[in-house]
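User: I should like a close look at one part of this protein, namely its aromatic side chains and the core around them. Please take me through that part step by step.

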Amino acid sequence: MPQREPIRTHTMSGTLRRWTLVYLVIVTGLTVAYLNYPDRHTILWALIGLSGVVAILIGVHLHRPARRWPWMVLAAANLTFVGGDTAYNALEAFFGQTRPFPSVADALYLVTYPLFAIGLLGFIRYRTVGRDLAVVLDALILTSGLALLCWVHLINPLARNEDMTWTEKAISIAYPLGDVLMLAMLARLLVPGGLRSRSVQLLTLGTCGILASDVIYSVLQLKGTWQVGTPWDLGWVVFFTAWGLAALHPSMTGLTERAPEPAPRIAERRLALLAGASLVAPALLLFQSLRHEESEDIAVIAIFSAIMFLLVLARLWGMMNDHGKAEARERSLRIAAASLVAALSPREVAGAVETASATLFGPGTSHRVLLLTRDRRGGLTAVPTAEHPWSCRTDALIRPRGTDWSELVTDGAHLLPLTRLDPSVAAEITPETHVLLCPLELQTPDGREPLLGILLLGGPEKKLAEISGPAQSLASQAALALERFELSEEVNRRTSEAYFRTLVHNTSDVILIVDDDDTVRYASPSAETMFGRSPLPGTPLTDLVAPSDTAGALRLGGVGRAAGGADGRAGRAGGGA
């Protein structure tokens with residue numbers, strides 16, 4: 001997760017699940033009563049709508065999302081919608097008006113759509129980093145296809161209705177335009193793959209409910225047959241209920257947090273939706289031709305066809321551009337792999353990583369690259385390069401102090417603000433504002449991944465999210481190179497130990513290791529030939545030499561100990577005999 005803060009688990013607790021069930025039971029009871037008791041329409045419908053508003057407010061209070069205002073705007077939108085419904089029902093029930101249109105209820109209804117759009121736009125803003133042109137183009141293609149359907153079947157018939165005044169026509173047309181605005185915002189929210197979130201699924205269900213009832217309302221209003229209290233109102237019930245449930249579900253907090261970077265490929269379902277939206281215009285022409293109808297919308301259909309054609313071309317251009325960038329990154333990773341294989345020291349590894357990272361960021365993009373390796377004390381030390389003689393070290397990479405950086409990065413790269421890093425490390429990344437943490441990890445046969453360190457990439461947030469995948473691959477290659485050095489050092493150490501052991505065991509000279517109290521700690525095998533027996537550990541040195549040589553042997557040991565103390569190795573002396 002490019003991506004990211006520690007992943008939250010969005011599971012519902014037993015208490016929350018019970019309250020959700022109670023909410024569903026209440027809404028179901030109110031809906032059944034609404035359909036069966038026409039004389040209580042006004043009160044029951046107000047209770048149904050207000051229950052959705054209360055559910056949103058309770059969800060915000062319980063889960064405390066990082067940014068509350070989008071949810072509060074949606075609650076306000078629901079409240080104005082309920083106000084419009086209540087005003088409409090009151091005009092019919094208490095003022096004797098039949099199908100009051102236009103009225104104050106329409107003003108409240110029309111205020112609802114901008115509020116919906118603002119709330120959804122807040123989710124879009126916080127879930128995505130920067131502007132993704134491909135996602136915007138996909139949303140525009142979907143919206144254009146649906147907008148064409150609304151024009152042909154709703155907007156144009158309303159505009160040509162001679163029985164309606166201009167005010168009535170404008171208000172009637174505003175409803176499908178508001179639906180198109182909601183569709184545009186919903187498509188933008190869904191296109192990056194956001195449907196995996198339960199709250200997004202519920203928001204989508206509620207939006208589909210309100211759109212279905214709005215379309216049916218517009219058609220029946222056009223025919224003059226609309227009535228309150230019919231099953232056609234259930235779409236709005238679904239809308240109130242689903243949006244309330246979306247706020248009650250724990251995943252609602254994720255709607256105001258950055259979502260993981262979507263995969264660069266286009267999912268099959270999205271491709272099918274884009275293809276269907278692109279074929280709306282020719283399908284309409286074919287349908288009208290088969291019915292031998294004289295189409296009055298040919299000019300509009302042609303304009304929408306041209307718009308969608310240009311959008312598809314722009315999308316293809318973006319895909320080709322992304323493919324070119326992916327190829328450039330693959331080339332840089334191959335070159336980096338060759339450089340890392342040829343590296344002879346950690347310093348050269350850090351230099352190769354810097355060179356490859358510059359290619360990932362691209363020319364003209366400000367960035368910082370810092371390779372931190374785990375030291376013997378369990379901390380992280382920066383590896384200097386020829387261009388940047390880094391010298392920082394830290395025991396607590398991530399703030400607040402006490403956060404275990406090794407646990408944070410075990411599930412891949414993480415994108416964090418620079419303020420989360422230890423100041424000594426953050427000073428080296430400044431002036432960049434965000435940093436990507438890529439673990440230097442190796443996969444072992446038992447499934448564990450020992451961390452050798454961290455690769456830090458500082459740069460623009462959008463760019464870091466874009467290159468998180470290649471950056472993690474680069475970190476894995478660097479980990480292999482560093483592991484190679486550690487293995488080489490271990491092999492050399494063991495080879496040296498084996499050589500020294502062989503030398504000591506096969507030499508004809510006697511080698512003794514003597515402790516501070518002048519007793520033997522170790523004797524080479526040749527000592528048995530010289531002394532007639534192998535000196536046991538703890539044997540006094542004076543027992544192995546002639547009485548006349550005792551003073552000289554002790555003096556020689558004292559000189560050795562004095563020399564060892566001068567070298568910082570006091571407390572242990574060696575002597576040969």
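User: Are Tyr113 and Tyr175 buried or exposed? Please set the answer in the context of the surrounding part.

Analyst: Both Tyr113 and Tyr175 are buried. The model is a predicted one, and a short overview will help to place these two residues.

The protein has 577 residues, of which 46% count as buried. Its fold contains 18 helices and 9 strands. The accessible surface amounts to about 29800 Å², and carbon and sulfur atoms account for 63% of that area.

We may now turn to the aromatic rings. Across the whole structure, a search finds 14 aromatic pairs. One of them joins Trp45 and Phe240: the ring centres are 6.0 Å apart and the planes meet at 70°, which is over the 60 degrees required, so the pair is edge-to-face. This pair links distant parts of the chain, for Trp45 belongs to helix H2 (residues 41-63) and Phe240 to helix H8 (residues 234-248), 195 residues apart. Trp45 has 3% relative accessibility, and it is buried because the limit is under 20%. Phe240 is likewise buried, with a relative accessible area of 0%.

Tyr113 and Tyr175 themselves form an aromatic pair, also edge-to-face, with 6.4 Å from centre to centre and 80° between the planes. Here too the pair links distant parts of the chain: Tyr113 lies in helix H4 (residues 104-127) and Tyr175 in helix H6 (residues 166-190), 62 residues apart.

The two pairs belong to one aromatic cluster, whose members include Trp45, Tyr113, Tyr175 and Phe240. Among the other members of the cluster are Tyr34, Phe81, Phe116 and Trp243. A ring may also have a charged group over its face: Lys169 lies over the face of Trp166, at 4.8 Å from the ring centre.

The next step is the nonpolar core. The largest such core has 61 residues, and those that touch the most other members are Trp71, Phe116, Phe123 and Ile210. Phe116 is thus named both in the aromatic cluster and among these well-connected core residues. The elements that give two or more residues to this core are helix H1 (14-36), H2, helix H3 (69-94), H4, helix H5 (133-159), H6, helix H7 (198-223) and H8. Of these, H8 gives the most, with 10 residues.

Phe123 shows what such a position looks like at the level of individual contacts. Apart from its neighbours within four places in sequence, Phe123 is in contact with Pro70, Trp71, Leu74, Leu189, Leu203, Leu255 and Thr256. Of these partners, Trp71 is itself one of the core residues that touch the most other members. The protein also has a second, separate core of 34 residues, which includes Leu340, Ala356, Ala475 and Phe485.

Finally, the loop between H2 and H3 holds Arg64. Most residues other than glycine have a negative phi. Arg64, which is not a glycine, has a positive phi of about 50°. With a relative accessible area of 48%, Arg64 is partly exposed, because this value falls between 20% and 50%.

To return to the question, Tyr113 and Tyr175 are both buried, they pair edge-to-face, and they take part in the aromatic cluster.

Technical notes: Residues numbered from 1 in each chain as written. Heavy atoms only, no water. Helix = DSSP H or I, 4+ residues; strand = E, 2+ residues; numbered from the N terminus. Buried < 20%, exposed > 50% of the residue type's maximum accessible area, 1.4 Å probe, protein only. Areas by Shrake-Rupley, 256 points an atom, 1.4 Å probe, with all protein chains shown as cover. Phe/Tyr/Trp six-rings, centres within 6.5 Å; stacked < 30°, edge-to-face > 60°. Lys NZ or Arg CZ within 6 Å of the ring centre and 35° of its normal. Core = buried A, V, L, I, M, F, W, Y, C linked by side-chain atoms within 4.5 Å. Contact = heavy atoms within 4.5 Å.
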